[in-house]
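Here is a short report on one protein chain. Look over the sequence and the structure first, then read on.

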Amino acid sequence: MAGSMFIIRAMEDGTHRIVRTERGEVARGLDSFYDALGCRMVEIAGVGKIGGVRVALIIDEEGLLVQNPRLNLTACDVLAVATQSAPLYLRGGGLVGDAVLVADEELGGFTDAE
């Protein structure tokens, strides 16, 4: 697929960025997610729908291995909306470190319309 795609990166400090990449980068497999998160292992925290678009939330698998990990409230809230559930921090858990939200169509990025 030619053209741009977008990945939404939710940082643990509560901010987010929209990262624009080329669709061809999806062929790189998980490398594009390693680059986006700045890590060596990723995990799918969950999948669901936001605004009718199937999405997957991908997190840094090693987020708990850093000194003083920080809870990513934004990622917890996004996962709650996508899965229509309570945020993990209200259930005694949570997500730490940075996370990226991608369209769940083969873990690709969002199009301009999405």
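## Overall fold

At 74% relative accessibility, Gln 84 counts as exposed. That residue is one of several taken up below. The model is predicted.

The protein chain has two helices and five strands. Along the sequence they run β-β-α-β-β-α-β. There are 114 residues, and 40% of them are buried. Take the contacts with a separation of 6 or more: residues 24 or more positions apart account for 50% of them. The accessible surface comes to about 6,600 Å². Carbon and sulfur atoms hold 53% of that surface.

## Positive phi angles

Most residues other than glycine have a negative phi. Which residues depart from that here? Gln 84 does, with a positive phi of about 50°. Gln 84 sits in the loop between α2 and β5.

Asn 68 is another case, with a positive phi of about 55°. Asn 68 belongs to the loop between β4 (53-60) and α2 (73-83). Asn 68 counts as exposed because its relative accessible area is 63%, and the cut-off for exposed is over 50%.

## Cysteines

How many disulfides does a search of the whole structure find? The search finds zero. A disulfide is a covalent bond between the sulfur atoms of two cysteines.

Cys 39 and Cys 76 both have low accessibility values on the buried side of the cut-off, which is under 20%. Cys 39 has a relative accessibility of 11%. Cys 76 has a relative accessible area of 1%.

## A buried acid in β4

Asp 60 is part of strand β4. Asp 60 is buried, yet has no salt bridge. Where is the nearest side chain of opposite charge? That side chain belongs to Arg 40, 7.8 Å away. A salt bridge needs a distance within 4 Å, so Arg 40 does not qualify.

Leaving out residues up to four places away in sequence, Asp 60 touches Leu 37, Cys 39, Met 41 and Asp 98. One of these partners, Cys 39, is itself buried. Another is a second acid, Asp 98.

## Asp 98

Asp 98 lies in the loop between α2 and β5. Is Asp 98 buried or exposed? Asp 98 counts as buried because its relative accessibility is 15%, under the 20% cut-off.

With residues up to four places away in sequence set aside, Asp 98 touches Arg 9, Ala 10, Met 11 and Glu 12. The list also includes Leu 37, Ile 59, Asp 60 and Asn 72. Leu 37 touches Asp 60 as well.

## The loop around Leu 88

Leu 88 is found in the loop between α2 and β5. Leu 88 is partly exposed, at 22% relative accessible area. Leu 88 and Leu 73 are 15 residues apart in sequence. Their C-alpha atoms are 9.0 Å apart in space.

Which residues does Leu 88 touch, not counting those up to four places away in sequence? They are Cys 76, Leu 79, Gly 93, Gly 94 and Leu 95. Among them, Cys 76 is buried.

## A nonpolar surface patch

Leu 71, Leu 73, Tyr 89 and Leu 90 make a nonpolar surface patch of about 370 Å². Tyr 89 is in the loop between α2 and β5. Tyr 89 is partly exposed, with a relative accessible area of 31%. Patch members need over 30%, so Tyr 89 meets that cut-off.

Definitions and conventions. Residues are numbered from 1 along each chain as its sequence is written. This is a predicted model: local features need pLDDT of at least 70, side-chain atom pairs count only at pLDDT 80 or more; totals for chains, interfaces and linings use all residues. Side-chain values use heavy atoms; hydrogens and water are left out. Helices (H or I, at least four residues) and strands (E, at least two) are DSSP runs, numbered from the N terminus. Buried means under 20% relative accessible area, exposed over 50%, partly exposed in between (1.4 Å probe, protein chains only). A disulfide is a pair of cysteine sulfur atoms within 2.5 Å. Patches are made of residues with over 30% relative accessible area and no salt bridge: like charges are joined within 9 Å, nonpolar side chains (Val, Leu, Ile, Met, Phe, Trp, Tyr) within 5 Å. Accessible areas come from the Shrake-Rupley method with a 1.4 Å probe; for residues, only the protein chains shown count as cover. Contact means heavy atoms within 4.5 Å. Lys and Arg count as positive and Asp and Glu as negative; His and the chain ends are not counted.
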